[in-house]
Amino acid sequence: TSAISRRNRGAARRINSRIQPTTETNFTQRNGVMRKKVTIIGAGFVGSTCAHWIASKELADVVMVDIAEGIPQGKGLDLLEAGPIEGFDINVVGTNSYDETANSDVVILTSGAPRKPGMSREDLLAINADITAGNIEKVVQTSPHANIIIVNNPMDTMVYLAYKVAKLPKNRTRPEPIVPAVYREVCASPIVIEFEAARRGA
């Protein structure tokens, strides 16, 4: 167990050494390790799995956000209470508000509707574009220096949409780089064109 804890602390140090601190209040310090904050938007299967691995490897404090009342709170509490048993010392919070996500170093966006049988890519895009745009706008307000990782689908379009909404440098909206051909395809998407036109009109 002690060997595993040493490896986890070593992994945390390596990860933390690659992330520049954004403020003096968005991390805690234990055992000499300056720990960062990761926000996970969406407490479903993908989001809770991300939270589990981040916490178990002691990579960062975790905030799980979801619109469903009680779901992120319950999953966050389960993970937090598993810490003493599994040997990790990480703060995990579940919430329905973005207030507790403030000054996150990394934001992982997993929320979105799944693709159902008979649903086209365009159908899925239309649903998830609004979800992604709304979440990214809140992220930029509360964590303007965060790196954003997009996991929801259709991923290529959602990454580009997040990039446009957040107005961040390309290297802070991932996965990237997206090849130019995909950028051209996404830019020509009727959903993206309509979305950007509506934003300009507003």
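1. A residue is called buried when its relative accessible area is under 20%, exposed when it is over 50%, and partly exposed in between, using a 1.4 Å probe and protein chains only. By that rule N103, at 26% relative accessibility, counts as partly exposed.

2. This is a predicted model, in which local features need pLDDT of at least 70 and side-chain atom pairs count only at pLDDT 80 or more, while totals for chains, interfaces and linings use all residues. Residues are numbered from 1 along each chain as its sequence is written, and side-chain values use heavy atoms, with hydrogens and water left out.

3. N103 belongs to the loop between β4 (92-95) and β5 (106-109), where helices (H or I, at least four residues) and strands (E, at least two) are DSSP runs numbered from the N terminus. Its backbone deserves a look, since phi of N103 is near 65 degrees, a positive value in a residue other than glycine.

4. E58 also has a positive phi, near 55 degrees, and is likewise a residue other than glycine. E58 sits in the loop between α2 (45-56) and β3 (60-65), and at 10% relative accessibility it counts as buried.

5. A further backbone detail is the cis peptide bond that joins N153 and P154, with omega about -5 degrees. P154 is in the loop between β6 (147-150) and α5.

6. What surrounds T39, a residue of strand β2 (residues 33-41)? T39 is buried, with a relative accessible area of 1%, and, leaving aside neighbours within four places in sequence, T39 is in contact (heavy atoms within 4.5 Å) with V63, V65, T101, S104, V106, V107 and I108. With one of these, S104, the side chain of T39 makes a side-chain to side-chain polar contact at 2.6 Å. A polar contact is a pair of N or O atoms within 3.5 Å; within protein, one must be able to donate a hydrogen and the other to accept it, and residues adjacent in sequence count only if both atoms are side-chain atoms.

7. A search of the whole structure finds one aromatic pair. The rings of Y160 and Y163 have centres 6.0 Å apart and planes at 55 degrees, so the pair is tilted; rings of Phe, Tyr and Trp (its six-membered ring) pair if their centres lie within 6.5 Å, and planes under 30 degrees apart count as stacked, over 60 as edge-to-face and the rest as tilted. Both residues lie in helix α5 (residues 155-166), three residues apart, about one turn of the helix. Y160 is buried at 9% relative accessible area, whereas Y163 is partly exposed at 24%.
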